[in-house]
Amino acid sequence: PFAILKCRRTLRLVTSSLSLSSKMSLSSLSLDSNPRFAVGGPYHRRYPHLHHPRSFVSCSAKRPAASASLSVAADSAATESLGRIGSLSQVSGVLGCQWGDEGKGKLVDILAQHFDIVARCQGGANAGHTIYNAEGKKFALHLVPSGILNEDTTCVIGNGVVVHLPGLFKEIDGLESNDVSCKGRILVSDRAHLLFDFHQEVDGLRESELAKSFIGTTKRGIGPAYSSKVIRNGIRVGDLRHMDTFPQKLDLLLSDAAARFQGFKYTPDMLKKEVEAYKRYAERLEPYITDTVHFMNDSISQKKKILVEGGQATMLDIDFGTYPFVTSSSPSAGGICTGLGIAPRVVGDLIGVVKAYTTRVGSGPFPTENLGTGGDLLRLAGQEFGTTTGRPRRCGWLDIVALKFSCQINGFASLNLTKLDVLSDLNEIQLGVGYKKSDGTPVESFPGDLRLLEELQVEYEVLPGWKSDISSVRDYSDLPKAAQQYVERIEELVGVPIHYIGIGPGRDALIYK
């Protein structure tokens, strides 16, 4: 059944870029063990530019011509999309609502064509966006903002990001080797902190120490790098301009790690090799180093349009997430100002990205998690495996309580509901609409008490499924009534409009509502 599931989703990906009337029939395929989950497949894709439609070799014998009515519908959808995007504020943002992996990269890529600057404000290489160019070439980005494939976009790595230079240069080399110019298009804040290889080693040692209480980090060194920043012995990008004092600063960092972790072996030879490596890195990075605080504020004064790309998501926020099972930065709205050095008053429309169901990676509470066969099949249907780590994601129903909490914190102007198509073959769909304690007492909001989170019971609403493939739909009114009911019930419960609906992996597989 899993093989059939993956095959169906792959076939849908291949045919997604053909005309709307060109659609492969998959009705003969079924999952005997659980027919509710008969649609699935790779979702984290790069979506080609609107002016460069992606092309594939069809596995159909003939490609049907698009009808005039579908052409009119496509024109109408394009007009709607331009109007929706054009109305966004000068400084807008795309942030995750859940525990990450919501599909933020797709929306950022689409919006980036209408913005001058795309900026990362927090996190590091623990973010992962798999993206595709116009020819279908795959790029895995972890530090470079997702606007990089739009040639007129400037990409900013802000002061709130922790930067692993070997990883950054690997991404840049991969882009350049595929004819994506990065020269003059990537700016790295001189105030951003450096993440060293030893931070990654320490991350693994820290997880080993925690034993059964491990956090489940990506082991990319993010937490240790932020720890160095907060205890004020970190090294910043701007320090690479002063290599005369760099060895002493790095020696202090490495000595501190060796004193803290018995498993970390620090030798003078290690220091020598690192210093030599960073001399080369410093020379290569110099053209990218920028006072991004000045750049961002100057760009705002020049009325340039700025799109902020959040990494991770609100429910992993160091303050508001399921602490301690969280990331080490602030992926919520507050991180925009502190991570870029811009004033709160200039931040306008924020779009929250939320899956039509819920996933998370790593340890920690997950109230609506489905631990049965349904969760396994949903994982296969949505290809829920981490871009950064490849780890299988935990899956469950959409958690309305957590989503409302996220919307309250961030003040989202609208939502992007992604991967609605993954639910297409379900007989019924559940929404986690409320929490209650074991004695039946209602829990009014998402609690910070970890023990309560682990013990609470979830109240569900059951909605009918639509049992049909919606991947070719481009107009909201053409969605099955049950699908519209699901979308509108979420809006009603959360109190925030859903303006964007993802119904497939392709760049064009987006409904503007």
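Buried means under 20% relative accessible area, exposed means over 50%, and partly exposed lies in between (1.4 Å probe, protein chains only). This is a predicted model, in which local features need pLDDT of at least 70, side-chain atom pairs count only at pLDDT 80 or more, and totals for chains, interfaces and linings use all residues. Residues are numbered from 1 along each chain as its sequence is written, and side-chain values use heavy atoms, with hydrogens and water left out.

**Overall build**

The chain holds 14 helices and 20 strands. Helices (H or I, at least four residues) and strands (E, at least two) are DSSP runs, numbered from the N terminus. Of the 513 residues, 56% count as buried. Contact means heavy atoms within 4.5 Å. Among contacts with a separation of 6 or more, 78% come from residues 24 or more positions apart.

**Cores**

A nonpolar core is a set of buried Ala, Val, Leu, Ile, Met, Phe, Trp, Tyr and Cys residues joined through side-chain atoms within 4.5 Å. The largest one has 57 residues. Those with the most contacts inside it are L420, L423, W466, Y486, I490 and I501. Helix α14 gives this core its largest share, seven residues. Beyond its neighbours within four places in sequence, Y486 touches A356, L398, L420, L423, I429, L431, L463 and W466. A second, separate core of 45 residues includes L149, I157, V237 and L250.

**Helix α12 against helix α14**

The axes of α12 (residues 400–410) and α14 (residues 481–494) come within 10 Å and cross at roughly 55°. Axes are lines fitted to C-alpha atoms, for helices over the stretch in contact, and angles run from 0 to 180 degrees between N-to-C directions. The pair is therefore oblique; angles under 35 degrees count as roughly parallel, over 145 as roughly antiparallel, 65 to 115 as roughly perpendicular and the rest as oblique. From α12, the contact uses I400, L403, K404 and C407. From α14, it uses I490, L493 and V494.

**Backbone exceptions**

Most residues other than glycine have a negative phi, and most peptide bonds are trans. The table lists three residues with positive phi.

| Residue | Phi | Place |
|---|---|---|
| R232 | about 70° | just after α6 |
| Q383 | about 50° | loop between α11 (373–381) and β13 (394–396) |
| K467 | about 50° | loop between β18 (457–464) and α14 |

Q383 counts as buried because its relative accessibility is 18%. K467, at 43%, is partly exposed. A cis peptide bond joins Y323 and P324, with omega about 10°. P324 sits in the loop between β10 (306–309) and α10 (334–340).
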